[in-house]
Amino acid sequence: MGETMSSETADSGVARASNTFLNDVWTNFMRWNINAIRNPFVVVSSLLQPIIFLFLFTQVFGNVATGALSANQTLAGSLSYETYLVPAIAVQIALIVASSSGIGLVDDIESGVFQKTLVTPMSRTAVFLGKTLSELIRIVIQVVIVLGLGVLLGAEIKSGVGGALAIVGVAVLFSLWFLAFSNIVALLTRDQESTIIAANMIQLPLLFVSSAFLPVNSMPEWIQVVATYNPITYGVDAARAIMVDADVMEVWNVTAFGGIWNTLVPALGVLVVLDLVFGVLAVYTITRATSADVQ
Amino acid sequence: MTESDATGRAIETDDLRVTYSDGTEAVRGVSLSVPRGEFFGFLGPNGAGKTTTIKTLATLLRPTSGSVRVNGFDVESEPGKVRESIGYMAQETSVITEMTARENLRFACDAYGVPRGERSDRIAELLDLVDLADVADKRAEGFSGGMQKRLDAAMALVHRPPLVFLDEPTTGLDPKARNRLWEYFEAINDDGTTIFLTTQYLEEADYLCDRLSVILGGEIVAEGSPADLKREVGGEVLDVALEDGSSARERAADIVREDGLFPGDPTVEITDGGISVTSRDARQHGPDLLVALRDAGITVTGFNVRSPTLDDVFLAITGEHIDEELPDEAVADGTTTEGDRGTPATDGGNDEQ
């Protein structure tokens, strides 16, 4: 009954000398970074799909799309399809990485690591924040890679290096609501397959009925309506406005702010609201899940 | 031992009730008092409310009513303090498989805020304790079930918690791995750590625990040391092995019941290979039974008088058997036992999910 007992008075508890909120964030951030590095297949495949899209779409639709672009009033002028598409691919990356967030959480729930984390004194907010930051870093790195590849393929970032950074920022801002959504689905279903299916089911069709791949005005009326209510449109439009340094938004005709801001202000506004709404829902779901289903 | 804590108790619950949102009353008025340093066993079949209780003690579930104090802290108003002062090993092995054993322990050190200067020594010490030092830098995904369990146990100990919860820690392990874990648990208990262990293995409770509570249907049905509980059965057990089939066993049981060989009210039970008779005078009157059986033309192939096991205790208390199945048998098919064991207690909870 020696030294272990000496530290066990109720008041002192166990020494937890060096922990702070930031420590807890860092601990979880590093844990998920290690996780990503040790699962190269996941990282590579989540990068591969957008890159394949980038190559296929520019090769297959390049000619047709360029025609559609030049016929479009909003985007009048010479705009290569590569330049048009790269911002959409950046947003697609944000979608794919964010959708894997819930999968990681379900993994943790299924393996019991989630519960193990909850029983430690770590801040629960910090646990999720650390994990989210790790995913955002992945988005940043992957978007940078795609922007580089796009430039190699002939895309032009008209707003320069600053613009490239801003596109990364848009991708991050865009990813947050979907990241929250993915975690909500994960916590509600607690099932990996459902989480994957929910993310994929939403992600791919939504990409097609948005401004991602073709100008909205060139699509049927009903798709234009869907695109207006599709969050992806706003992520893509914000990134694209920065890419081409012009007002590209078709779904809303805003003229109050002048130039590129006619796109950025409404698009970023929509994203911020979406982030807040889904963020609050996610916090609510997490709080419920971590306090368990007892009366 | 430090007794500055007003209660001097590691665990104190009063009329703890936990009702799930679907209305299932998993725990129905459990009062426990576990002194510091004790190796306490919480014994019961699947679905009896063990896991719900342990999760409530470990702040993973909130009590529906009743009070719970762990290491002197209230689980509802001071969950952070409770978490800092306990180690918890869940029923399902939970290690981060992408990480090495050392990284898992480092993560646990970070999570529990073990002072940086102490981490390396603490990790080395725990790797030694659970015999994983030679695979410390290998990823846990390649570990056997037993190795992962040991790592899991070590992760619960990084902060030298004065109280450790072990929820069916040896389920699914082979006997060798189980025995090794038992040694670690005994070692940390010898160092003064209070241990709260749930188990459905009677042998485990008997071997490890100073004191036991038996839970069934969310209520405690018996308490005491393993020896106390055995005494409750009242008497000794005479096991008689018979050569013939089930009809011989039935006839033998009838002879015990009807011939008045044993004074008082002996209980007789038909077992796989014969019958078991529990009576205060089993030793004295056993030979009479053997003669009676021979006269009835029933061949006796063996007999043994023994003191009761916890299984007998369970039978005496609840009228139900717990199969005294060891982990090595359970591992073959962990689910098949659920139905027959769980049935009498399913009204008690869905906590094992």
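**Exercise 1. Work out the strand order of the six-stranded sheet in chain B, and find its edges.**

Solution. Start with the order: in this predicted model, six strands of chain B line up as 6-7-8-3-9-10 in an open sheet with mixed pairing. Next, look at the two ends. Strand 6 (86-89) and strand 10 (219-224) of chain B each have a single partner strand, so one side of each has no neighbour in the sheet. Finally, check the twist: on average, neighbouring strands here are turned by 15° against each other, direction ignored.

**Exercise 2. Take the two edge strands of that sheet and describe how each one pairs.**

Solution. Begin with strand 6 of chain B. Strand 6 pairs with strand 7 (residues 163-167) of chain B in the parallel sense, over four bridges. One spot to look at is B:M89, which sits opposite B:L166 in strand 7 of chain B. Now go to the other edge. Strand 10 of chain B pairs with strand 9 (residues 211-216) of chain B, this time antiparallel and over five bridges. There, B:L216 has B:E219 in strand 10 of chain B as its bridge partner.

**Exercise 3. Sort the residues of strand 6 of chain B by the way they point.**

Solution. Recall the general rule: side chains in a regular strand alternate between the two faces of the sheet. Then apply it. B:I86 and B:Y88 point one way, while B:G87 and B:M89 point the other way. Last step, check burial: all of them are buried.

**Exercise 4. Which strands and which helix belong to the four-stranded sheet of chain B?**

Solution. The order is 2-1-4-5, again an open sheet, and the pairing is antiparallel. Strand 2 (25-35) and strand 5 (73-74) of chain B are the edges, each pairing on one side only. Zoom in on strand 1 (residues 9-19) of chain B, which is joined to strand 2 of chain B by eight bridges. Within that pair, B:T13 faces B:L32 in strand 2 of chain B. Now add the helix: helix 1 (residues 50-57) of chain B packs on this sheet and touches strand 1, strand 2 and strand 4 (65-70) of chain B. The direction of helix 1 makes about 120° with that of strand 1 of chain B.

**Exercise 5. Find the residues that touch the most other members of the largest nonpolar core.**

Solution. That core has 89 residues, and the ones to pick are B:V70, B:L105, B:F165 and B:F196. As for where the core comes from, helix 6 (residues 175-190) of chain B gives the largest share, six residues. Try B:F196 as a test case: leaving out residues up to four places away in sequence, its contacts include B:I11, B:L32, B:F40 and B:F165. Don't forget the second, separate core of 71 residues, with A:L85 and A:I184 among them.

**Exercise 6. Describe chain A, then work out how helix 5 and helix 8 of that chain pack.**

Solution. Count first: chain A has twelve helices and zero strands. Of its 295 residues, 55% are buried. Now the pair. The axes of helix 5 (residues 81-111) and helix 8 (residues 160-189) of chain A come within 7 Å and cross at roughly 30°. Angles under 35 degrees count as roughly parallel, so helix 5 of chain A is roughly parallel to helix 8 of chain A. The crossing is right-handed. Contact residues include A:A94, A:A98 and A:G102 from helix 5 of chain A, and A:A171, A:F178 and A:S182 from helix 8 of chain A.

Terms used: Residues are numbered from 1 along each chain as its sequence is written. Chains are lettered from A and ligands numbered from 1 in the order in which they are written. This is a predicted model: local features need pLDDT of at least 70, side-chain atom pairs count only at pLDDT 80 or more; totals for chains, interfaces and linings use all residues. Side-chain values use heavy atoms; hydrogens and water are left out. Two strands pair if DSSP finds at least two bridges between them. Axes are lines fitted to C-alpha atoms, for helices over the stretch in contact, and angles run from 0 to 180 degrees between N-to-C directions. A nonpolar core is a set of buried Ala, Val, Leu, Ile, Met, Phe, Trp, Tyr and Cys residues joined through side-chain atoms within 4.5 Å. Buried means under 20% relative accessible area, exposed over 50%, partly exposed in between (1.4 Å probe, protein chains only). Contact means heavy atoms within 4.5 Å. Angles under 35 degrees count as roughly parallel, over 145 as roughly antiparallel, 65 to 115 as roughly perpendicular and the rest as oblique. A crossing is left-handed if the near helix is turned anticlockwise from the far one by less than a right angle, and right-handed if clockwise.
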